[in-house]
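Colleague: Please take a close look at the helices and then at one loop, and explain each term as you go, since I am in my first year.

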Amino acid sequence: MASHNNSTDDARTSHESSPIPSSQQQPHRTLGFINRQVMAWSLWDWGSAAFNAVVTTFVFTVYLTDADLFGESANANLGWALAVAGILVAVVAPAIGQWTDRTGKRHTILVAATLGVVACMALLFFVKPGHSYLWLGLVLVALGNVIFETGSVVYNTMVTEVSTPQTVGRVSGFGWGMGYVGGIVLLLILYVGFISPDPGWFGVTHENGAHIRISMLICALWMLASSLPIILTGTNNAPIESDVHGILGSYKEILRSVARLWRTDRSVVWFLISSAIFRDGLAGVFTFGGVLAAAAFGFSAGDVMIFGIAANLVAGIATILFGRLDDKLGSRAVIIIALSLMTVSGLLVFFLHGGLHIGPLSLSPTMVFWIFGLVLCIFVGPTQSASRTYLARIAPKGSEGEIFGLYATTGRAVSFLAPTAYSAAITLAAVSTGLTKADSAHFGILGIVVVLLVGLLAFIPVKAQAKK
């Protein structure tokens with residue numbers, strides 16, 4: 001890790017050197033732990049939902065993988081493009097984190113990343129239907145992912161600067177919750193205004209993909225406007241004295257840091273490994289939730305959209321509420337409780353996929369998915385937030401960016417787990433039962449549950465973070 005002296009540590013706690021002045025130094029509070037600095041920070045999460053929820057999940061990637069518009073290979077090519085983006089993030093993220101710790105330029109990196117993602121979304125307007133435009137869309141989505149994940153590394157480190165040790169769980173949960181709610185609001189605006197009607201607002205039609213392309217411009221403006229508070233009020237940190245120079249030096253220091261962590265506190269290394277596993281399972285819940293709803297439980301395309309909005313809503317509310325539990329019980333307890341209940345809920349979705357009939361109680365397969373699928377989604381956000389809080393609490397002062405860079409890297413390194421387990425479970429079920437893969441779609445749930453369970457078991461040896 002980057003070396004630093006006591007005077008630098010003192011500088012980091014000053015009002016002037018913090019990207020966002022610490023809430024401990026601000027006497028004016030609005031609602032408990034929520035003050036101006038927390039709001040400015042969390043609004044970035046709110047705005048970034050334009051990229052997460054709209055571009056990569058519900059709208060643009062669905063448009064880009066339409067075989068009638070972009071060709072039969074569009075879906076597979078999207079996967080390859082995102083895989084390359086993931087590799088780039090795994091390579092770049094820890095070096096960026098280490099560099100920002102050393103130079104103190106967290107705010108500069110966050111602003112640059114924000115503007116980069118905004119530019120990528122705006123340029124998606126030029127991706128018209130047609131095979132010749134496919135690679136433009138793929139490159140912009142992949143590039144946006146790399147830039148977004150780089151910015152997220154820096155953004156996540158800032159949670160310690162806008163909170164106190166007593167409120168970090170609630171602040172982290174509030175940020176995650178704002179992201180979910182922001183996604184819901186934007187999705188509803190776009191769905192009502194442009195995606196569903198033809199023509200939509202301002203006479204925008206579906207011809208030539210105009211409704212999707214205009215939505216991308218709105219997403220760019222949404223994220224830019226939401227990020228203005230943190231862009232305008234943030235400042236860089238004081239630099240840290242270090243013998244590390246250049247990108248190559250950053251990577252050498254990273255390897256030394258991992259070795260040092262393994263020697264001094266293996267629990268931190270084990271947390272990075274175990275959290276990478278269960279975080280991929282969490283990603284799988286949302287990635288394949290809509291597919292499962294349609295393929296195994298009879299949801300229409302409109303039903304999937306409504307379920308997606310509901311899933312984000314319950315996840316957002318739960319994340320905010322669980323923040324208080326995080327501060328009271330600790331992040332480790334929240335993660336174990338949430339993953340345990342997710343595992344049980346996932347198994348119930350699988351075993352009750354044909355419906356539930358007990359005496360007067362009768363639930364159709366659709367109702368089973370609605371009930372237990374939403375229960376499953378309740379715990380996604382709290383687990384994500386508690387993971388960030390745990391890392392914020394154990395990260396050595398002055399090395400937060402480096403640790404969060406490793407956090408991003410380990411997560412990307414195993415990002416194949418949930419998709420592989422999902423597809424393998426369906427394939428094995430089809431081979432062993434003689435059913436078609438379509439009829440075996442519900443077995444994909446077991447694949448995701450396995451990833452969550454392995455992550456849970458790997459996490460149990462991790463020690464509870466020390467109280468600060």
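Modeller: Helix α14 covers residues 365–378, and at 1.5 Å a residue its 14 residues should span 20 Å, which agrees with the 20 Å between its end C-alpha atoms. Here a helix is a DSSP run of H or I with at least four residues (a strand is a run of E with at least two), numbered from the N terminus, and its expected span is 1.5 Å times one less than its number of residues. This is a predicted model, in which local features need pLDDT of at least 70 and side-chain atom pairs count only at pLDDT 80 or more, while totals for chains, interfaces and linings use all residues. Residues are numbered from 1 along each chain as its sequence is written, and side-chain values use heavy atoms, with hydrogens and water left out.

Within α14, the buried residues include Val368, Phe369, Phe372 and Leu376, where buried means under 20% relative accessible area, exposed means over 50%, and partly exposed lies in between (1.4 Å probe, protein chains only). An α-helix has 3.6 residues a turn, so residues three or four places apart point the same way.

Helix α13, residues 331–351, can be checked likewise: its 21 residues should span 30 Å at 1.5 Å a residue, and its end C-alpha atoms are 30 Å apart, which agrees. Among the buried residues of α13 are Val334, Ile335, Ala338, Leu339 and Met342. Helix α18 has 16 residues and reaches 23 Å from its first C-alpha to its last, close to the 22 Å expected, and Phe459 is one of its buried residues.

Phe459 leads on to the aromatic pairs, of which the structure holds 17; rings of Phe, Tyr and Trp (its six-membered ring) pair if their centres lie within 6.5 Å, and planes under 30 degrees apart count as stacked, over 60 as edge-to-face and the rest as tilted. The ring centres of Phe271 and Phe459 are 6.2 Å apart and their planes meet at 65 degrees, so this pair is edge-to-face. Because Phe271 belongs to helix α11 (residues 266–297) and Phe459 to helix α18 (residues 444–459), the pair ties together parts that are 188 residues apart in sequence. Phe271 is buried at a relative accessible area of 0%, and for Phe459, also buried, the value is 0%.

Now to the loop between α8 (168–195) and α9 (210–233), where Trp201 is placed. Most residues other than glycine have a negative phi, and most peptide bonds are trans. Pro199, found in this loop, is joined to Asp198 by a cis peptide bond with omega of about 5 degrees. Phe202, in the loop too, has a positive phi of about 60 degrees although it is not a glycine, and at 78% relative accessibility it counts as exposed. Asn208, another residue of the loop, has a positive phi near 60 degrees and counts as partly exposed at 39%.

Trp201 is partly exposed, at 40%, and joins Ile189, Tyr191, Val192 and Phe202 in a nonpolar surface patch of about 530 Å². Patches are made of residues with over 30% relative accessible area and no salt bridge, like charges being joined within 9 Å and nonpolar side chains (Val, Leu, Ile, Met, Phe, Trp, Tyr) within 5 Å. Accessible areas come from the Shrake-Rupley method with a 1.4 Å probe, and for residues only the protein chains shown count as cover; a salt bridge is a side-chain nitrogen of Lys or Arg within 4 Å of a carboxyl oxygen of Asp or Glu.
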